[in-house]
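Trainee: Before we discuss anything, could we put the sequence and the model side by side and then work through a few questions about them?

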Amino acid sequence: MQEKTKPTLADSLKSADTEEWIDIHFYRPMGFRWALFFDKIGVSPNQITIASIFIGIGAGICFYFTDFWINLLGVFLLIWANTYDSADGQLARMTGKKSEMGRILDGACGDIWFITIYLAIVFRLWDQWDYWILILALAAGYSHSLQASMADYFRNLHLFFLKGKSGSEFHNSKDLAEKLKQISWKNPAVKIFEIFYLNYTRQQERFSPRTQKMMEVIKTRKNGNVSERFRDEFRMKSLRYINMTNLLSFNLRAIVLFISVLIGFPWIYFAFELTVMNIMLIYMVNRYERICRKFTGGLTA
């Protein structure tokens with residue numbers, strides 16, 4: 001009987017190309033250890049995700065208070081929640097325990113954390129700022145959503161050319177709309193998630209028209225297939241900007257959040273979202289759109 005191979009950290013990663021330095025050196029190793037532990041005691045990826053959601057909510061509540069040590073506890077809890085958020089995906093990849101409900105929970109996880117955090121900061125500053133802090137929070141929240149959405153989109157585009165469909169979550173709205181028609185309201189959670197995910201994908205597509213043109217040419221003229229050379233060349237171009245997709249995800253915004261809360265000026269986090277992060281978003285989208293326009297020209301030449 002063949003002995004079962006012990007999983008390694010590399011087995012639990014999506015791709016070395018798309019992992020950020022902090023993730024590679026901290027969150028992924030911590031997540032991997034949690035994944036091994038939870039697998040040993042029979043805890044599923046979905047249960048880890050649910051635990052992560054509650055820990056993240058606890059972190060957000062801590063940021064409502066002005067006490068430094070309670071805020072520091074919030075920092076610790078959010079880091080802990082993110083190690084669990086890493087662990088659930090790593091365990092799912094290691095064991096093959098993937099599910100539709102897992103996608104729903106994982107997609108909602110970070111959103112629930114940050115909704116709690118944004119509300120906590122609004123309530124914390126309400127006496128000083130009145131409704132202006134709510135306006136600032138709503139603008140920052142929309143920017144945050146768009147930044148994370150587009151970063152996720154271009155990261156999955158990179159994974160699509162690196163690993164193919166099976167190794168990425170790169171989808172298009174037409175396919176998702178057809179899939180939605182096949183899902184019954186007998187599964188309301190799945191149906192609602194797919195509706196939101198369809199709208200999420202449509203938003204990504206609206207902000208990346210040249211990418212849509214390239215993918216349409218690949219589908220219609222190349223029957224969805226491109227050469228290995230094309231994939232390698234696209235990957236090499238994309239690698240120049242893949243770190244930008246990581247900077248627009250969790251780690252950078254978490255660092256700025258932690259600093260602004262701990263020094264007693266949490267509004268700085270909202271201002272950072274609206275200025276620095278949006279400038280980075282515009283730059284990233286522009287770079288990837290230029291890459292896709294160039295590659296579309298090569299496909300149609």
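**Buried loops, a helix pair and the cores**

Mentor: Serine 208 lies in the loop between α7 (188-206) and α8 (209-221), and you should keep in mind throughout that this is a predicted model.

Trainee: Is serine 208 buried or exposed?

Mentor: Leaving aside neighbours within four places in sequence, serine 208 is in contact with Met150, Tyr153, Phe154 and Glu289. Its relative accessibility is 0%, and because a residue under 20% is classed as buried, serine 208 counts as buried.

Trainee: Glycine 164 is also in a loop, the one between α5 (131-163) and α6 (173-182); what separation do the C-alpha atoms of glycine 164 and arginine 231 have?

Mentor: Glycine 164 has a relative accessible area of 14%, and is therefore buried. Not counting residues up to four places away in sequence, glycine 164 touches Leu159 and Arg231. Glycine 164 and arginine 231 are 67 residues apart along the chain, and their C-alpha atoms are separated by 9.6 Å.

Trainee: At roughly what angle do the axes of helix α1 and helix α3 cross?

Mentor: Two packed helices are described by the distance between their axes together with the angle between those axes. Here α1 (residues 21-40) passes α3 (residues 68-95) in a right-handed crossing. The contact between α1 and α3 has 14 nonpolar, six polar and two charged residues. The axes of the two helices come within 7 Å, and the angle at which they cross is roughly 60°.

Trainee: Which helix gives the most residues to the largest nonpolar core?

Mentor: That core has 69 residues, of which Leu157, Phe161, Met214, Leu257 and Met284 touch the most other members. Leucine 157, for instance, touches Phe170, Thr211, Met214, Met215, Phe234 and Cys292, not counting residues up to four places away in sequence. A second, separate core of nine residues includes Ile104, Leu176, Phe193 and Leu198. The most residues in the largest core, 13, come from helix α12 (residues 267-300).

Trainee: How many disulfides does the model contain?

Mentor: Cysteine 109 is buried, with a relative accessible area of 0%, and cysteine 292 is likewise buried at 0%. The closest cysteine sulfur to that of cysteine 109 belongs to cysteine 62 and is 16 Å away, which is too far for a bond because a disulfide requires the sulfur atoms to be within 2.5 Å. By this rule, the number of disulfides is zero.

Terms used:
Residues numbered from 1 in each chain as written. Predicted model: local features only at pLDDT ≥ 70, side-chain atom pairs only at ≥ 80, totals over all residues. Heavy atoms only, no water. Axes fitted to C-alpha atoms, helices over the stretch in contact; angles between N-to-C directions. Helix = DSSP H or I, 4+ residues; strand = E, 2+ residues; numbered from the N terminus. Left-handed = near helix turned anticlockwise from the far one by under 90°. Nonpolar A, V, L, I, M, F, W, Y, C, P; charged D, E, K, R; others polar. Core = buried A, V, L, I, M, F, W, Y, C linked by side-chain atoms within 4.5 Å. Buried < 20%, exposed > 50% of the residue type's maximum accessible area, 1.4 Å probe, protein only. Contact = heavy atoms within 4.5 Å.
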